[in-house]
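Student: I've got a structure to go through and I'd like to learn how to read its features. Can we take them one at a time?

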Protein chains: 2
Amino acid sequence: METKTKAAKIEAGEAFSVKGSRGISIFDLILRIVAIVGTFGSAVAMGTTNQTLPFFNQFIEFQAQYDDFTTFTLFVIVNAIVCGYLALSLPLSILHIIRSRAANSRVLLIVLDTVMLALLSAGASAAAAIVYLAHNGNSSANWFAICQQFQNFCQRISGSLIGSFVAVVSVVLLVILSGVALSRH
Amino acid sequence: METKTKAAKIEAGEAFSVKGSRGISIFDLILRIVAIVGTFGSAVAMGTTNQTLPFFNQFIEFQAQYDDFTTFTLFVIVNAIVCGYLALSLPLSILHIIRSRAANSRVLLIVLDTVMLALLSAGASAAAAIVYLAHNGNSSANWFAICQQFQNFCQRISGSLIGSFVAVVSVVLLVILSGVALSRH
């Protein structure tokens, strides 16, 4: 009798958790799409940034390009990798909406999502550190604020960070959601 | 009969998962201690870094200190926060070794660990971007490599990154382990 009640309870719990998991899976899919748009936008915005100043002469041309800075090149690469991974993870995310009880594929996603979170967060904040330096300079190291000359360049690189940080927040929520979904099994 | 077999199967599964979860919980505790040591070492190493050059004259003193750079100040704060959080999470981690079936507290830890991972990864890589700049400079922006003058300073700030990156790897593993432990429930 006791075992029967237990099994019945478990089945009732399953019905509840399937419903809850479906909601989580749909939210998971939306967050992935938001993060794809964010990282894609960041990579494109940063990757197409350059500025040539109008006051160049015959010999010297004042030009700033994103790939003058190693950190910005890394930023584009990291955003491209995370964008590609998220696009590839979409089918699995859709599968989770249809089959809410899949646990192994959720663990796979949580592993990859966590690694991508560390990568994306690192890339975004390294770029932010350089953007901060470009805006404010550093008097101790005699690094001048280059934004006074390259205004358009600075606006573009500052703007391209936004998409990346939106994606970081999305991936944090993705990992948390996966954890909550797994706890319901 | 069928429900009985199902319940028996579930109980057998529970016995297995309790054993596996205990191993995971012990590994979780070890990783937390590694991450505490890493972040603590990083915060202290960075926070005590300064260098005064021997060739100063009466009027000008050439000095480099970690808090001349906003990013390094942030690095120390982030490492201190993560170190404090990890120390506070130790009792919960020990609780998981004793009571392997606790699910809610695991979800709480996965949420906080993920946020701390994003924070720590951001702080460490922002500092790494500035350290890279200090070593190599940037010719486009006319930022000189200050490490040629401040060699001790540069060695200290480079070394202090190591503990932080060890902690990043540990926290990535912590989140993944929590996911695996939750999937066994």
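Tutor: Sure. Let's start with a definition: a salt bridge here is a side-chain nitrogen of Lys or Arg within 4 Å of a carboxyl oxygen of Asp or Glu. Keep in mind that this is a predicted model.

Student: Okay, so how many salt bridges are there between chain B and chain A?

Tutor: Zero between chain B and chain A. Searching the whole structure, over all chains, turns up four.

Student: Which residue does A:Arg32 form a salt bridge with?

Tutor: That's A:Asp28, and the closest N and O atoms are 2.8 Å apart. The two residues sit about one helical turn from each other because A:Arg32 and A:Asp28 are four residues apart in helix 1 of chain A.

Student: Back to the interface. How do people put a size on one?

Tutor: The accessible area lost when the parts come together is often the number given. In this case, chain B and chain A bury about 3600 Å² between them, with 71% of it on carbon and sulfur atoms.

Student: Which elements of chain B give two or more residues to the side that touches chain A?

Tutor: Helix 1 (2–47), helix 2 (70–98), helix 3 (104–136) and helix 4 (151–183) of chain B. Helix 3 of chain B has the largest share, 16 residues. Sorted by class, that side of chain B has 26 nonpolar, eleven polar and five charged residues.

Student: And how many residue pairs are in polar contact across the interface?

Tutor: The rule finds 15 between chain B and chain A, both residues being at pLDDT 80 or more. As for contacts in general, 42 residues of chain B meet 42 residues of chain A.

Student: Last one: which residues form the nonpolar patch on the surface?

Tutor: A:Ile26, A:Phe27, A:Ile30, A:Val34, A:Ile162 and A:Val166, with about 500 Å² of accessible area together. Helix 1 of chain A gives the largest share, four residues, and A:Val34 lies in that helix. Helix 4 (151–183) of chain A also supplies at least two.

Technical notes:
Residues are numbered from 1 along each chain as its sequence is written. Chains are lettered from A and ligands numbered from 1 in the order in which they are written. This is a predicted model: local features need pLDDT of at least 70, side-chain atom pairs count only at pLDDT 80 or more; totals for chains, interfaces and linings use all residues. Side-chain values use heavy atoms; hydrogens and water are left out. Contact means heavy atoms within 4.5 Å. Buried area is the accessible area (1.4 Å probe) that two parts lose on being put together, summed over both. A polar contact is a pair of N or O atoms within 3.5 Å; within protein, one must be able to donate a hydrogen and the other to accept it, and residues adjacent in sequence count only if both atoms are side-chain atoms. Ala, Val, Leu, Ile, Met, Phe, Trp, Tyr, Cys and Pro count as nonpolar, Asp, Glu, Lys and Arg as charged, and the others, Gly among them, as polar. Patches are made of residues with over 30% relative accessible area and no salt bridge: like charges are joined within 9 Å, nonpolar side chains (Val, Leu, Ile, Met, Phe, Trp, Tyr) within 5 Å. Accessible areas come from the Shrake-Rupley method with a 1.4 Å probe; for residues, only the protein chains shown count as cover.
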